[in-house]
Amino acid sequence: MNNTLTITDNRTGKQYDVPIENETIRALDLRKIKVNDDDFGLMTYDPAFMNTASCKSRITFIDGDKGILEYRGIPIDVLAEKSTYLEVAYLLLHGKLPTESELKDWTWNITHHTFINESIKQVMDGFHYNAHPMGMFIAMLGALGTFYPDAKDIFNQESRWKQIYRLIAKVPTIAAFAYRHRIGMQYSYPDNDLSYEGNFLNMMFKTTELKYKPDPVLERALSILFILHADHEQNCSTNAMRSIASAQTDPFSSMAGAAAALYGPLHGGANEMVLRMLNEIGSINNIPEYIKRVKAGEFRLMGFGHRVYNNYDPRAQIIKKAAYDVFEVTGKDPLLDIALELERIALEDEYFVKRKLYPNVDFYSGIIYQAMRFPVDMFPVLFAIPRTSGWLAQWSEMLDDPDQKIARPRQIYLGARTASYTPMSARNGKTEFAKA
Ligand code: CMC
């Protein structure tokens, strides 16, 4: 089979052969398609990267039509059943499952970087009492970077791993500190005897007890939720991470940008919006009217739809199952009934069926987090903690990829050219610029 694409330029009648590799053509190969020698050459126009691969990756595989998600080739449901979050973080970053001793070293390294410099607490203390924890989390990532000038040494492997330990270890600490600041409680320091998830629960919820004992069911549920959120290939925040870091920015600053992308209601902010939506619906009886308004385009059904899944998001299925284990301990959240009924009605409705809109990861995660006593505005932070390993794996892969350079898309310029400069005295406010 000839693995090329033949393109005829009807403007000139010329034909071009473009190689096809991995079912993809290189956009740069189109540049040779020109009307004359002065012509810049053909570009592709792809707002929102709907059909553009920005990198080659070996980390996460998604088949959106079949509802498949794999980390390093291992199906997500297998990992959710058999692994812990830290083991999965190792898998994402090292490309293989750890041996027992490798996992022990990895866990030790992460456990022994959980403390943050005491000065950083003063930055935290400067936030207003009702600051959104995700805003604090983003700011703290940037602030943390100022403590580690060695983080700029991104091509030094030893330094790179050190920043990876630091970031995976410290994100639960800054997340929990943001929460404690918000509710006006003294910070609860990391406890190195506990697991990654158990320690996070300790830093969130410890009060007067001498030693916090996490509930093993909740600890396990948190591990599953963290596994499901660890990576999702080239999503908006990962693209932000890669794009910022392509300027050789340090990983703390790059991750602050990635977290900012995650904060948006169409991305990691969606789980918070789902809970607000379920509360707004309030009762099963109100669902048909709510769906009617969604279909009329008034607003979207949060936690539904996905750019890459045209099928049930495999993560949503696993979370739905985990929810019942959590409710055994915490008691059932009444919002679950509304969510189940909303899902049932939406999945039968022609509007959602036609557009292949299914529940995504955020549809059920919020209900579990709420049952575990996490406040709604912590939800995006709970997404950011495990996504840290994914961001860092993608960052490291990018730095080692000889194809990558500073990210710099092209544009189609449709505005004015060589326009005359009108002096202030002659401006009448009526000048109109061409709209793109
Ligand atoms: N409710 C109602 N209609 C929807 C929804 C929704 N949640 N999502 C998509 N649609 C409709 C949309 O109006 C459009 O209809 P039409 O063709 O008539 O104009 C069609 O479906 C295609 O939508 P789109 O906006 O072109 O799809 P997209 O791929 O750009 O958007 C999305 C993907 C996730 C941003 C979108 O589905 C959405 O806004 N969902 C709600 C927010 C949400 O749950 N986000 C979490 C995503 S999962 C976590 C993560 O990985 O970030």
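# A guided tour from surface patch to ligand

Begin by selecting Phe40, Met43, Tyr45, Ile412 and Leu414, which together make a nonpolar surface patch of about 520 Å². Before you go further, keep in mind that the model on your screen is predicted. Within the patch, click on Tyr45, which you will find in the loop between strand 2 (14–19) and strand 3. Its relative accessibility is 65%, and Tyr45 therefore counts as exposed, the cut-off for that word being over 50%.

## The sheet of strands 3, 4 and 5

From that loop, move along the chain to strand 3 and show it together with strands 4 and 5, because these three strands form an open sheet in the order 3-4-5, with antiparallel pairing. Strand 3 and strand 5 are the edge strands, each of them pairing on one side only.

Select residues 60–63 for strand 3 and residues 68–71 for strand 4, and you will have two strands that pair in the antiparallel sense over four bridges. Which residue of strand 4 stands opposite Ile62? If you look across from Ile62, you will meet Leu69. Thr60 also has a bridge partner in strand 4, and that partner is Tyr71. Now follow the chain through the hairpin that strand 3 and strand 4 make, where four residues lie between the strands and where Gly67 takes a positive phi near 70°.

Next, add residues 74–75, which are strand 5, and see how this strand pairs with strand 4 in the antiparallel sense over two bridges. Tyr71, which you have already visited as the partner of Thr60, stands opposite Ile74 in strand 5. The hairpin of strand 4 and strand 5 has two residues between the strands, and in its turn Arg72 has a positive phi of about 50°.

## Charged pairs

Side chains of opposite charge can pair when their charged atoms come close. How many salt bridges does the model contain? The count comes to 22, and this tour stops at some of them.

Select Asp150 and Arg166, whose side chains meet in a salt bridge with a distance of 3.1 Å from N to O. This pair links distant parts of the chain, since Asp150 sits in the loop between helix 5 (133–145) and helix 6 (157–183), while Arg166 belongs to helix 6, 16 residues apart. Asp150 is partly exposed, with a relative accessible area of 31%, whereas Arg166 counts as buried at 9% relative accessibility.

Stay with helix 6 and select Arg160, then add Asp400, and you will see their side chains meet in a salt bridge of 3.2 Å from N to O. Here the two partners are 240 residues apart, with Asp400 in the segment after helix 17 (379–399) and Arg160 in helix 6. Is Arg160 buried or exposed? Arg160 has a relative accessible area of 2%, which means that it is buried, as the cut-off for that word is under 20%. Its partner Asp400 is partly exposed, with a relative accessible area of 46%.

For the next stop, select Asp191 and Lys211, which form a salt bridge whose closest N and O atoms are 2.9 Å apart. Asp191 lies in the loop between helix 6 and helix 7 (196–205), and Lys211 lies in the loop between helix 7 and helix 8 (216–229), so that the pair links parts of the chain 20 residues apart. In this pair Asp191 is buried, with a relative accessible area of 15%, and Lys211 counts as partly exposed at 40% relative accessibility.

To finish with the charged side chains, select Glu21, Arg26, Lys56 and Asp403 at once, because these four residues are linked in a network of salt bridges.

## Around the ligand

Finally, bring the ligand into view and show the 19 residues around it, of which His267, Arg300, Leu301, Gly303 and Arg307 come nearest. One of these, Leu301, has a backbone N or O atom that lies 2.7 Å from a nitrogen atom of the ligand. Turn then to Leu266, where a polar backbone atom is 3.2 Å from a nitrogen atom of the ligand. The side chain of Arg355 also deserves a click, as an N or O atom in it is 2.9 Å from an oxygen atom of the ligand. Taken alone, the ligand exposes 940 Å², and the protein buries 73% of that area.

Technical notes. Residues are numbered from 1 along each chain as its sequence is written. This is a predicted model: local features need pLDDT of at least 70, side-chain atom pairs count only at pLDDT 80 or more; totals for chains, interfaces and linings use all residues. Side-chain values use heavy atoms; hydrogens and water are left out. Two strands pair if DSSP finds at least two bridges between them. Buried means under 20% relative accessible area, exposed over 50%, partly exposed in between (1.4 Å probe, protein chains only). Patches are made of residues with over 30% relative accessible area and no salt bridge: like charges are joined within 9 Å, nonpolar side chains (Val, Leu, Ile, Met, Phe, Trp, Tyr) within 5 Å. Accessible areas come from the Shrake-Rupley method with a 1.4 Å probe; for residues, only the protein chains shown count as cover. A residue is near a molecule or strand if one of its heavy atoms lies within 4 Å of it. A polar contact is a pair of N or O atoms within 3.5 Å; within protein, one must be able to donate a hydrogen and the other to accept it, and residues adjacent in sequence count only if both atoms are side-chain atoms.
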